[in-house]
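User: Please take a close look at how the sheets in this chain are built and what packs against them. I would like one connected account that I can follow with the model open beside me.

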Amino acid sequence: MMRLGEFLGELKTFLKEDQIILDREGMAHFSYDATERQFMPQVVVLPNNTEEVSKIMRCAWKYEVPVTPQGGRTGLSGGGLPVKGGTVLSLLRFKRIIEIDEKNMIAVVEPGVISKDLQEALKAHNLFFPPDPSSTVESTIGGNVAENAGYTRAVKYGVTRDYVRGLEAVLPDGEIIHPGGKNAKNVAGYDLVSLLTGSEGTLAVITKIIFKLLPRPAIRRTIIVYLNNLPRAADIVLRVFQAGIVPCAIELLDNVTINAVADYINTPLRRDAEALVLIEVDGHLEKTVNAEAREIIPLCESVHGVVEVKLALDEEEANRFWTIRREALPALKALGKDHFEADVVVPHYELPFLVKFIGELEHGDAIKIATFGHAGDGNLHVTILYRRRNFTELDEAYRLLETVYRRTIEMGGSLTGEHGVGITVKDYLPLQIEETEMALMKRIKTAFDPKGILNPGKIFVD
Ligand SMILES: Cc1cc2nc3c(=O)[nH]c(=O)nc-3n(C[C@H](O)[C@H](O)[C@H](O)COP(=O)(O)OP(=O)(O)OC[C@H]3O[C@@H](n4cnc5c(N)ncnc54)[C@H](O)[C@@H]3O)c2cc1C
């Protein structure tokens with residue numbers, strides 16, 4: 001049973017006044033994320049260091065107060081929302097890039113660092129940290145690790161987990177652990193670093209991250225392709241891979257998304273196109289990168305339904321192409337409708353079939369389906385736009401969402417490729433995860449958090 005009064009009393013003995021928010025207006029800021037759902041916490045705490053996080057967790061443990069870790073609140077599955085009340089533990093004051101170790105190509109970073117700030121800091125060292133979600137100006141490094149975030153270049157470079165070498169984390173009872181480290185290899189015991197990465201703040205609070213870095217690729221070439229046939233866009237992915245080329249990104253936008261972006265950023269795009277594909281190749285040798293781009297262009301032109309292929313003339317034009325992709329979700333949100341987003345992923349050979357299936361889904365005129373995403377990973381963001389207050393549309397939107405999920409599973413896919421389970425996917429998780437595996441996951445949660453105080457109400461149905 002939660003003893004909030006005693007919890008608050010003890011917090012005040014070691015946190016300063018400006019580290020505890022109790023007024024409604026102040027707490028409202030921490031009550032929502034990019035899912036646009038809202039849950040009010042009963043208190044918000046803003047620790048400055050690991051020691052304070054540990055003390056907060058010890059108190060929460062003692063007085064059985066739910067704790068929800070929170071970063072930049074850009075989450076798309078509601079993982080950072082305090083659905084059971086209690087306290088939000090915001091990591092926004094953990095802002096230090098502690099070390100950029102050029103010799104070992106390692107960065108040691110606090111979780112509240114904004115993704116873009118790390119990217120900028122590394123440029124000066126000519127180093128590269130590939131994981132960079134489209135939410136880069138707001139999402140935190142800790143949130144990215146907790147969600148195992150993906151990004152446009154994952155097709156070549158892998159996801160966030162592939163770069164996390166070590167962590168400092170605080171367990172629900174306040175104990176501090178340091179799994180992993182700076183080493184490139186480490187098979188000493190179970191891989192707790194990988195387990196905590198992607199655990200959506202349900203097993204431990206991450207307070208420090210050790211990342212592997214890469215040399216910064218010197219050259220990139222970006223190609224934009226328009227098609228009048230959506231499923232054929234997915235064929236491009238297969239053709240490029242079959243040619244033996246691994247681009248760093250292959251992204252897809254459908255007609256609804258193209259038009260939303262054209263309106264949102266007021267830029268001339270081919271509004272009649274059924275699909276837009278962005279392909280980027282990168283590397284260290286200009287000759288190789290140019291040769292790959294030159295090979296991709298005729299390969300795209302030979303795909304049925306392609307109406308235009310254009311290579312970006314310079315960096316400025318390449319950046320303009322990428323703005324189209326980065327603004328896809330904000331542009332769809334700006335249409336002013338409610339939306340469900342299915343972050344589904346299938347083996348890339350199945351992608352044309354999934355795209356075709358979604359294109360043929362029957363629904364009334366009131367509902368729109370927009371599809372965009374990381375085609376090179378087989379990862380689509382199927383966005384169902386409807387009005388929540390219209391019950392017919394709400395029911396239809398739920399039906400469509402479940403239909404997309406079921407088809408994805410039939411194709412051997414996964415319900416979420418990068419946004420996590422949180423609260424939005426948990427009801428559907430049993431469609432994908434078999435009972436024995438689910439029971440094992442629950443036992444892992446209990447081993448870390450026997451009292452169930454850390455980020456309760458997430459991933460599993462209560
Ligand atoms: C416009 C837009 C574009 C996006 N693009 C992408 C994309 O390209 N790829 C992608 O994968 N996602 C994307 N997202 C989703 C989102 O940005 C990512 O999931 C991001 O990693 C969340 O980071 P955050 O700091 O906002 O975390 P929050 O939303 O605050 O929290 C997310 C989860 O992490 C946990 N958490 C946060 N910090 C910690 C910590 N220190 N310790 C333990 N748990 C913690 C929370 O409890 C919660 O479960 C996008 C979202 C938006 C709005």
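Analyst: An angle between two elements runs from 0 to 180 degrees and compares their N-to-C directions, with each axis being a line fitted to C-alpha atoms, for helices over the stretch in contact. What follows describes a predicted model.

With that convention, helix 8 (residues 230-242) lies across strand 12, strand 13 (249-254) and strand 14, and runs at about 20 degrees to strand 14. These three strands belong to an open sheet of seven, whose order is 15-12-14-13-17-18-16 and whose pairing is antiparallel. At the edges are strand 15 (306-311) and strand 16 (338-345), each of which pairs on one side only. From one strand to the next, the twist averages 15 degrees.

Two pairings in this sheet can be followed in detail. Strand 12 (residues 219-227) and strand 14 (residues 275-283) run antiparallel and are joined by nine bridges, with Leu227 standing opposite Ala275 of strand 14. Strand 16 and strand 18 also pair in the antiparallel sense, over eight bridges, and here Ala342 is opposite Val382 of strand 18. Although strand 16 is an edge strand, it is mostly covered, as six of its eight residues are buried. Helix 14 (residues 391-410) lies across strand 16 as well as strand 17 (368-374) and strand 18 (379-386), and it runs at about 165 degrees to strand 18.

A second open sheet has five strands in the order 5-6-10-8-9, again with antiparallel pairing. Its edges are strand 5 (97-101) and strand 9 (176-177), each with a single partner strand, so one side of each is left without a neighbour in the sheet. Within this sheet, strand 6 (residues 106-109) and strand 10 (residues 205-212) run antiparallel and are joined by four bridges, and Val108 has Ile210 as its bridge partner in strand 10. Helix 3 (residues 50-63) packs on the sheet, where it touches strand 8 (164-170), strand 9 and strand 10, and its direction makes about 50 degrees with that of strand 8. Helix 4 (residues 115-123) packs on the sheet too, touching strand 5 and strand 6, with its direction at about 35 degrees to that of strand 5.

Glu99 offers a closer view of one edge, since its place is in strand 5. Glu99 has 13 C-beta neighbours inside 10 Å and therefore counts as partly exposed, a class that lies between exposed, at 12 or fewer, and buried, at 20 or more. Leaving aside residues up to four places away in sequence, Glu99 touches Ala107 and Val108. Leu11, by contrast, is 88 residues from Glu99 in sequence and 31 Å from it in space, C-alpha to C-alpha.

Strand 10 also leads to the ligand. The ligand is surrounded by 37 residues, the closest being Gly71, Gly75, Gly79, Gly143 and Gly201. Strand 10 is among the elements that give two or more residues to this shell, together with strand 3 (67-70), helix 5 (141-147) and helix 12 (328-333). Helix 5 supplies the largest share, five residues. Sorted by class, the shell has 13 nonpolar, 19 polar and five charged residues. Both domain 1 (4-90) and domain 2 (97-215) give residues to the shell, so the ligand shell lies between them.

The remaining domains of the chain are domain 3 (219-329) and domain 4 (332-410). Taken over C-alpha atoms, the centres of domain 1 and domain 3 are separated by 42 Å.

Methods: Residues numbered from 1 in each chain as written. Predicted model: local features only at pLDDT ≥ 70, side-chain atom pairs only at ≥ 80, totals over all residues. Pairing = 2+ DSSP bridges. Contact = placed C-beta atoms within 7 Å. Near = placed C-beta within 6 Å. Nonpolar A, V, L, I, M, F, W, Y, C, P; charged D, E, K, R; others polar. Domains from an automatic or database assignment.
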